[in-house]
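Visitor: I would like to learn how to read pockets in a protein model. Could you walk me through it?

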Amino acid sequence: MAEAPRAREAGADRRFASSLITVGSAILAVVAVAVLFAPLLSSWGPEEIDPLASLAPPGGAHLLGTDLNGMDVWSRVLHAARLDVGIAVAAVALAVVAGSLVGLVAGYRGGWADDVLMRVLDVFQAFPTFILALAVAALLGGGDDGMVNLIAVIALVNAPAYARLVRAEVRSIRELPFVEASRTSGSSFWGVLWRHVLPNSLTPVRVIAPLNCGWAMLTLAGLSFLGLGVPLPTAEWGAMISLGSGDVVAGRWWTSVPPGLFLLICVLGFSLLGEGLQERADSTRR
């Protein structure tokens, strides 16, 4: 009899997880449409200036008005989605690859390799994530490699979390019978890792990665807001919010509210998707 309430609870959890995944995926699908068709959804270029419409309010030729430089806010918001989503996804992908490799080697080898790699990760994780990103971004600077540097910075501050996740999974997998059978059959060190250990240790990574995409976008926006990210006049949500922050006091909300709202919606989509995947994984384990 006790199994029935648990089964109903598990079913409710799975339905809730599916709802989160559906809503999050729908939001990200809309963002993907904006990213792909940005040039078709606006008649203005993201850096095109209308000299007769500086700080023009929404309406007429400019759906969301213009900023101080006379650039169309709607066009810039749409094109900024390409940059923000692209950098966030690339940075998280790089963090997943680098962190998974470190965690794989540390968890499977153990011993001194594990101790050294974990102490290095402790150094990185001793600092708040955004403070570390600020310091590294300031050290690397901008220049011609600014986008590459931003991807590297965001990947660097996120990689330790993936390394620890994968290491914990590998330590529980490496002694299982199928791994031991592969070793005794003569498989090489890397063969065992790639064919057996790694595929079975990536489940928590697949759950956490969408959540981290949202946090990566917030990190990028924060760096750009402080002048250490994407420089003007390139369309980027954090830089747009920074440029228009003083206009809100004067009642010109359209220069900073739309990019902030679009950033919120995009981060919400990634968060709901990640939370849904987490709920589904937890309900399956229960």
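Guide: Gladly. Bear in mind that this model is predicted. Let us begin with the second largest pocket, where helix H1 (3-36), H2 and helix H10 (257-285) each supply at least two residues of the lining.

Visitor: How is the empty space in a pocket found?

Guide: Rolling a probe the size of a water molecule over the atoms shows where empty space is left. Here the second largest pocket holds about 170 Å³ of space. Its lining is made up of 13 residues, with Val30, Val31, Ala34, Phe262 and Ile265 nearest the centre.

Visitor: How many residues of that lining are nonpolar, polar or charged?

Guide: The second largest pocket has 13 nonpolar lining residues, no polar ones and no charged ones.

Visitor: And what does the largest pocket look like by the same reading?

Guide: The largest pocket contains about 190 Å³ of space. Fourteen is the count to look for in the viewer: 14 residues line this pocket, and Gln125, Thr129, Val157, Asn158 and Ala161 lie nearest its centre. Helix H3 (111-125), helix H4 (129-140), helix H5 (146-173) and helix H8 (203-225) each give two or more residues to that lining. H5 gives the most, with 5 residues. By class, the lining of the largest pocket has 9 nonpolar, 5 polar and no charged residues.

Visitor: Now a single residue: is His79 buried or exposed?

Guide: His79 sits in helix H2 (residues 73-109). It counts as buried because its relative accessible area is 16%, and the cut-off for buried is under 20%.

Visitor: Which residues farther than four places away in sequence does His79 touch?

Guide: His79 touches Ala38, Pro39, Pro46 and Ala235.

Terms used: Residues are numbered from 1 along each chain as its sequence is written. This is a predicted model: local features need pLDDT of at least 70, side-chain atom pairs count only at pLDDT 80 or more; totals for chains, interfaces and linings use all residues. Side-chain values use heavy atoms; hydrogens and water are left out. Helices (H or I, at least four residues) and strands (E, at least two) are DSSP runs, numbered from the N terminus. Buried means under 20% relative accessible area, exposed over 50%, partly exposed in between (1.4 Å probe, protein chains only). Contact means heavy atoms within 4.5 Å. On a 1 Å grid over the protein atoms alone, a cavity is a set of points where a 1.4 Å probe fits but cannot get out, and a pocket is an open set with protein on both sides within 12 Å along at least five of seven lines; lining residues have an atom within 4 Å of a point. Grid points are joined across faces, edges and corners, and a volume is the space filled by probe spheres set on the points. Ala, Val, Leu, Ile, Met, Phe, Trp, Tyr, Cys and Pro count as nonpolar, Asp, Glu, Lys and Arg as charged, and the others, Gly among them, as polar.
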